[in-house]
Amino acid sequence: MFKIIKIAWRNIWRNKLRSSVVMISIILGLWSGLFILAMTYGLNEQRIDGAINTVLSHIQIHNPDFLNDQKINDTIINKEFVLNSIKNTDKVYKFTERLISTGMVSNAKGSYGIQLTGINPDTEKQVTEIYSKLIDGEYFTKLKRNPAVIGEKLAKKMKLKLNSKIIVTLQNTKGDLTNAAFRIEGIFKTQNTIFDETTIFVRKTDLSKIIGLTNGQIHEIAIVGKSLEDSKLIANNLKNIDKLNKIQTWSEISPELGYAQEMMSTFLIIFMGIVLMALSFGIINSMLMAVLERKKELGMLMAIGMKKRSIFIMITFETIFLTLIAAPIGLLFSYISIEYFAKHGIDLSNFASGLESLGIGAIIHTYLPVKMYFEVSLLTVLVAFISSLFPARRALKLNPAEAIKSL
Amino acid sequence: MNLTFKLAWRNIWRNKKRSLITIASVFIAVFLAIFMRSMQLGMYGNMINNVVKTYSGFIQIHKKGYWDEQTLNNAFKYRKGLVDSLKQIEGVVDVIPRLQTFSLMSSGHLTKGVMIQGIDIDKEKGLVSWEDRLISGNLFSNNDNSIIVTKDLAQYFNKKVGDTLVFIGQGYHGMSASGKFSIGGIIDMKNPKLNKLLVFVPLKLAQDYNSAENMVTHLIINKDDNAENDLIFDQINDKLDQDHYEVMTWEKMIPELKETIQVDNLGGILMIGILYMIISFGILGTVLMMTEERIYELGVMLAVGTKKIKLNLMLVFESIVLSLLGVLLGILLVSPIIYYYHINPLVIPGPKGQALKDFGFEPLIPFSTDWKIIFTHAMIIFTIAIIASIYPILKVSFLKPVEAMRAK
Amino acid sequence: MKIIKVIIAIIFFSISLSAQSAYDIVKKSDSKLRSANSYAKIKITAIRPSWSKEMVIKSWTKNSNYSVALVISPAKERGIVFLRRDKEVWNYVPAISRTIKLPPSMMTQGWMGTDLTNDDMIKQSSILVDYNHKIEGEEIIQGKNTWRIALTPKENAAVVWGKIILWIDKEDYNQLRGEYYDEDNFLINKLISSNIKKFDGRSIPSHIEFIPEDNPGNKTIIDYLELNFKIKIPEEYFKTRYMKRLR
């Protein structure tokens, strides 16, 4: 048995050309498959991350009635209790409280509907990254009186600059209309232009005075855990403690994000299937050639007494060896390229102007969870192995006598 | 020349197995490429159809300036003559009028801003299945005085079929608009934002409410699924006075969809590219090995006096014939399959399919039978095969007959 | 020496007595229309490049925070009532027998198709409270001597204007002209008043044109057909439940 394996090993080096062709096919198949997977994962991660770091966070808590119509009096129930529970919940990393009020913003040029979000800048910075996405101005560090931080789209629409004045019209707790003036302290830009167009950040302390919620009531709590995967766990823990407020994970708030991931994985499966099929075919093709080409030699081996089973094993092992050499090389190339582009990103700005509006950004950083390396390699090796069986079987059908005749 | 071709032909049939293997590698390439591309393009087409029909329609006609300032004062008169002339354009199935405006909807202490769409329901049914949206009550008919409300609105106001709602707003040319209507039906638009926003009203009723007799804000073109949008767009532009009207395609109105597809398409092309890479390798490998195997025979031919050019020509012929056969076989076998999935789209099962359904779309992938796909990929692969044949030609060009014969 | 000081002091004293501050001028001008009660019958014309609309309304005002307006014509809108109580605006529509309170989104929209917004109607009195006033000079407008007064918003005032310039005539304290600028000093709105008539003993411009500068071809014209200051207005006119009974 060992001898056969040795022969198989030597055989692959005898015809360097053919062996290289097979190995290169496997390397390419593996590399391209893994790279595309990494690109897709990276794309999706970025999309999700973009949304989570600016708008969604991992978990949000609201008064269940508030979600329907954002009525100002539907504040979070038992706020102190909820906040304490959050502090004591496992895996919670940071959280922040917000006041939310919908109304109109005006200047001399016109008025538009917006949402005013009252925040605590210090805790907010720990939960979202908007403070790092300023294109101009500061994030609640300079202006003393009624500072506002707005999105670039809104600034453009209303022709606002730093220090411009805006008037907001809101309803207070009594249902009366109330106005207040704010000055622009900073302008941010996220990947979500609709968010940039309709959200104005102000200090919670300023907003609470205007709308009349001065007992510390809040409308929204946003929580981040140490990692995204912990979201569901944290949510469930909280749901056990707080039965009154509505606790949602990011995927419940924005199902389209989760859905996009689903669609991608479906396609990847189909794609991998096709790639593997092509690969398999290439291997069968090559190994078949190898068998036919060595008709005489194999015939002779059989004539001198080598068992058919041994021949079968020999050919199978040839393929296995080729795969075992090619696969690690393919893995190595994949790993290097994926890591490189993970750091430097692939610049697609020439091709897809649409990526920005989708909240992705034109530079994609590849990313591949480690288990995918294993899964894809395993699959490739399996396919290669199964592909080898057909030519190996074909070898068995060779008739020794016929084979010798062609000598 | 004739001789060379005859030789090539006979070579092919002489070694059936070898030829078959070559044909097979070309065939599988063509098959897989066309299969994958047909699936991708079919899916995009379907996605476009679904989203466009639900939201904007393929082409919209407005009064010039409406898109930038979507107010009722930018409505225009519905002219039957114009509509009939538009219907004559080939591919146009129907021209659907709408009157759209914002108003306040009120009941008890609750007031909310909503978008009222005055529609001709019989024509709208040609775009989207209204029966699928209906969750209670009935769809109105064009002469009714009842309205259709989306489900979240009904819930907010705590109303059911038969209840009344009041509307107040700004009508045409500054006239106040006000009306009291009863709910005839409640629908689910399958989109949370739309479900909180829309109210549908028979067109005539909307025109009355807004003091906008015989006026519309939109004319929506419903076209044949297979008709070319751009062609119809051009013909419409020819028929309309550019100073008074603006015509827009869905690409202009929902650019996000076009961009999503672009991005996806990019990925798709990348995938096809990779497929081609693997395929090319397959073909190249096959050709390589063929050549190696025939070194002896080729050497003999040279030794016997065949000119190298003739030999190369022969190899080229063999390549062409084999590739052609592979391509034809591929097309032959893939066509019925994509045709079948065109008529009976592939169903996306399980939770992924359900996710699509939740968005109001059918979980289907219909394959595209655009002949351009078949032609393009067949040509590409044919070309690849021919290019691959450069190797044997090169080999022959540098071949020393004596060495070749020794390599038996 | 002492005498000179006294004389100077007296001169200053009398000057300051006779000179009015800009604030006073504006206040006096503003209160011509706004003090106590008034009844007016007003024709409002909204002009657009391609259409125009004329309305006649009856309006009762009780000081600057309460006013109610009843639409008389056109026929389709007859009976519609707008009631302003402080910061709230209510709207009654007879065709559907409903009274609703206008939400913030409606406040910034054009009122009944004109260039004025509901917000404008409410904000009028802020001209005194929210601005600093300064006399910039004197000009002759429509043949009358006027003060040209510049108003700049106070630091925390919730007003959209960067600057307002009013020309107030020295004789009758009417605002003959107003220019409204945004924060970047672009002229946004113009208000021109003319055709001074005597209403109930007061001289008041009966023709007011409101011109939005960035919408050429647009104009809103207000004509006072009747204006009565000696009228007694029942309290209930300013209650929401009375809206449907207003005649």
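This is a short tour of a predicted model, chain by chain and contact by contact.

**Stop 1: chain A**

Start by selecting chain A and giving its two domains separate colours. Domain 1 covers residues 2-52 together with 257-405, while domain 2 runs over 64-244. Notice that domain 1 is written as two stretches of the chain, so colour both. How far apart do the C-alpha centres of the two domains of chain A lie? They are 51 Å apart.

**Stop 2: chain B**

Now do the same with chain B. Its domain 1 takes in 2-52 and 257-406, and its domain 2 spans 58-252. Taken over C-alpha atoms, the centres of these domains of chain B are separated by 49 Å. Next, look for the place where they touch: five residues of domain 1 of chain B are in contact with six residues of domain 2 of chain B. On the domain 1 side, two of the residues are nonpolar, two are polar and one is charged.

**Stop 3: where chain B meets chain A**

Show chains A and B together. Here 32 residues of chain B are in contact with 36 residues of chain A. Which elements of chain B should you select to see this side? Try α2 (16-55), α11 (255-304) and α13 (350-358) of chain B, each of which supplies at least two residues. Give α11(B) a bright colour, as this helix contributes the most, with 22 residues. If you then colour the chain B side by residue type, you will find 19 nonpolar, seven polar and six charged residues.

**Stop 4: chain C on its own**

Hide the other chains for a moment and keep chain C. Switch to a cartoon view and look for five helices and 13 strands. Chain C has 247 residues, and 32% of them count as buried. Among the contacts in chain C with a separation of 6 or more, 42% join residues 24 or more positions apart.

**Stop 5: where chain C meets chain B**

Bring chain B back for the last stop. In this contact, 17 residues of chain C meet 15 residues of chain B. On chain C, select β5 (88-93), β6 (98-101) and α3 (104-107), the elements that give two or more residues to this side. How do the residues on the chain C side divide into nonpolar, polar and charged? Ten are nonpolar, three are polar and four are charged.

How values were computed. Residues are numbered from 1 along each chain as its sequence is written. Chains are lettered from A and ligands numbered from 1 in the order in which they are written. This is a predicted model: local features need pLDDT of at least 70, side-chain atom pairs count only at pLDDT 80 or more; totals for chains, interfaces and linings use all residues. Domain bounds come from an automatic or database domain assignment. Two residues are in contact if their C-beta atoms, placed from the backbone, lie within 7 Å. Helices (H or I, at least four residues) and strands (E, at least two) are DSSP runs, numbered from the N terminus. Ala, Val, Leu, Ile, Met, Phe, Trp, Tyr, Cys and Pro count as nonpolar, Asp, Glu, Lys and Arg as charged, and the others, Gly among them, as polar. A residue is buried if 20 or more other C-beta atoms lie within 10 Å of its own, exposed if 12 or fewer, and partly exposed in between; C-beta atoms are placed from the backbone.
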